[in-house]
Every structure is written in structure tokens, then in C-alpha cells.
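Colleague: I have this one open now. Walk me through it, starting with the helices.

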Amino acid sequence: MTVYFTSDTHFGDRRVLAIDRRPFPNLAEHDAALVALWNETVGPEDEVWHLGDFALGPPPEAVAALLGRLNGRKHLVTGNNDGPGTLAAPGWDSVQAYAELKIEGRHLILCHYPFRTWNQIGRGSLNLHGHSHGMLAPMTRQYDVGVDVQELRPATLDQIIARKRRRKPLAGKKEPMEE
């Protein structure tokens, strides 16, 4: 089993095409591509931590159907655009506003929002977050796991850490400052 992280998929949310300049002509192609990339990356036995803003717009039954089409055991750390239909959708193994995990000896702090400080920061813990869509200059040991900076797909912790150092924004986006 592999553990993946992602955020800010914004399924069903028309705003992402213009605001985030995602490279799709319409929302149907956006959503279909993100589902395909997710399933190309994540296997049925893998675990995915989605750090918020999963979907905005689709009715609850559409959110449930979408979750059923995505591979893996899925956990939601809620974001500001996750409504009641997303929170209550069957298909989440867990739903919470904040989580802490230990993976490969690393202590991870998971929240939709980036923090200025977090639990065990002085002991080397890492803050994984979404919300900023690649537009926020990260602090030391802080990583944006959103699809806008993770090649539109879930990523492993090692991929996220490696990508931070060589990240290239999607077309039309400015490169955020590195540490």
C-alpha cells in the first residue's frame, strides 16, 4: 500500500478553469482528466489523503458517484469549499478538519490551510496543505499538495518533497518564491 496526498481538485467547480488557469477547455474535460490521472496513479489498495476542496457544485449523489470512481481508500481533511454533500458522501474512510500522521518516520501535520507554525515544528515535522494553489511562498518543511503544483494528480510524500525543489507552475501561473 502506498500513501498519497492531494488537494484542491475542485470537481464540478467552474471557477478553477479561469482563476487557476487549468489547461482544459471545459469543466467536463477537467473533471474527467483529474479522475483519469488519479486512477492512473492510485491503486485500489492505496490510501489517499485529500486536503480539502474536493468538489463544489455537484449534488450529493454526483459527489458520491465520483468518490466511487476514484481508486484507493480516501480520507478528507476538510477545506473551505467542501459543503455538506461532500462531507456526508459515502466513500470517505474518514472526514476531519485536521490530522497528524507518521509516515516513513516523518511526523506530518495535515490541514487544508498552510500554517505559520505547527505541532513539533522544532522536531522536524512537516506541514502538508492545500488552499493556496501554488501561489504561496512556502516556509521551511511546508508543502503544498494541491493538484496545481503536483501535476494534477495525487503524489507520495517523497514526490512532493522532490517536486518542491524543481516545481514548474501550470501555464500562465507565476512561480512562487522558494525558501
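**Helices, sheets and cores**

Modeller: E61 and G68 are exposed, on the other side of helix 3 from its buried residues. Exposed is over 50% relative accessible area, buried under 20% and partly exposed in between, with a 1.4 Å probe and protein chains only. Note that the model is predicted: local features need pLDDT of at least 70, side-chain atom pairs count only at pLDDT 80 or more, and totals for chains, interfaces and linings use all residues. Residues are numbered from 1 along each chain as its sequence is written, and side-chain values use heavy atoms, leaving out hydrogens and water.

Colleague: Which residues of helix 3 are buried?

Modeller: V63, L66 and L67, in a helix that spans residues 60-69. They sit on the same side of helix 3, because they cover an arc of only 100 degrees around the axis. That arc is taken from the directions from the helix axis to the C-beta atoms. Helices (H or I, at least four residues) and strands (E, at least two) are DSSP runs, numbered from the N terminus.

Colleague: What covers the buried residues of helix 3?

Modeller: The cover includes helix 2 (27-41), strand 3 (73-77), helix 4 (84-87) and strand 4 (92-96).

Colleague: Is T41 buried or exposed?

Modeller: T41 counts as buried, at 18% relative accessibility. T41 belongs to helix 2. Beyond its neighbours within four places in sequence, T41 is in contact (heavy atoms within 4.5 Å) with Y4, D46, R153 and P154.

Colleague: Now the sheets. What is the order of the one with parallel pairing?

Modeller: The order is 1-2-3-4, in an open sheet of four strands. Strand 1 (3-6) and strand 4 are its edges, each pairing on one side only. Two strands count as paired if DSSP finds at least two bridges between them. The twist averages 15 degrees from one strand to the next; axes are lines fitted to C-alpha atoms, for helices over the stretch in contact, with angles from 0 to 180 degrees between N-to-C directions. Strand 2 (residues 47-50) and strand 3 run parallel and are joined by four bridges. H50 stands opposite L76 in strand 3.

Colleague: And the sheet with mixed pairing, what order does it have?

Modeller: That open sheet of four strands goes 5-6-7-8. Its edge strands are strand 5 (98-103) and strand 8 (142-144), each pairing on one side only. Neighbouring strands there are turned by 25 degrees against each other on average, direction ignored. Strand 7 (residues 126-129) and strand 8 run parallel, joined by three bridges; H129 has D144 of strand 8 as its bridge partner.

Colleague: Cores next. Which residues touch the most other members in the largest one?

Modeller: F11 and F54, in a nonpolar core of 21 residues. Such a core is a set of buried Ala, Val, Leu, Ile, Met, Phe, Trp, Tyr and Cys residues joined through side-chain atoms within 4.5 Å. Helix 2 gives the largest share of this core, five residues. Another core, of 18 residues, lies apart from it and has L108, L126, I160 and I161 among them.

Colleague: How many aromatic pairs?

Modeller: Three, where rings of Phe, Tyr and Trp (its six-membered ring) pair if their centres lie within 6.5 Å, and planes under 30 degrees apart are stacked, over 60 edge-to-face and the rest tilted. Y98 and F115 are a tilted pair, because their planes are at 45 degrees, with ring centres 6.3 Å apart. Y98 is partly exposed at 35% relative accessibility, and F115 is partly exposed at 24%. F11, F54 and W92 form one aromatic cluster.
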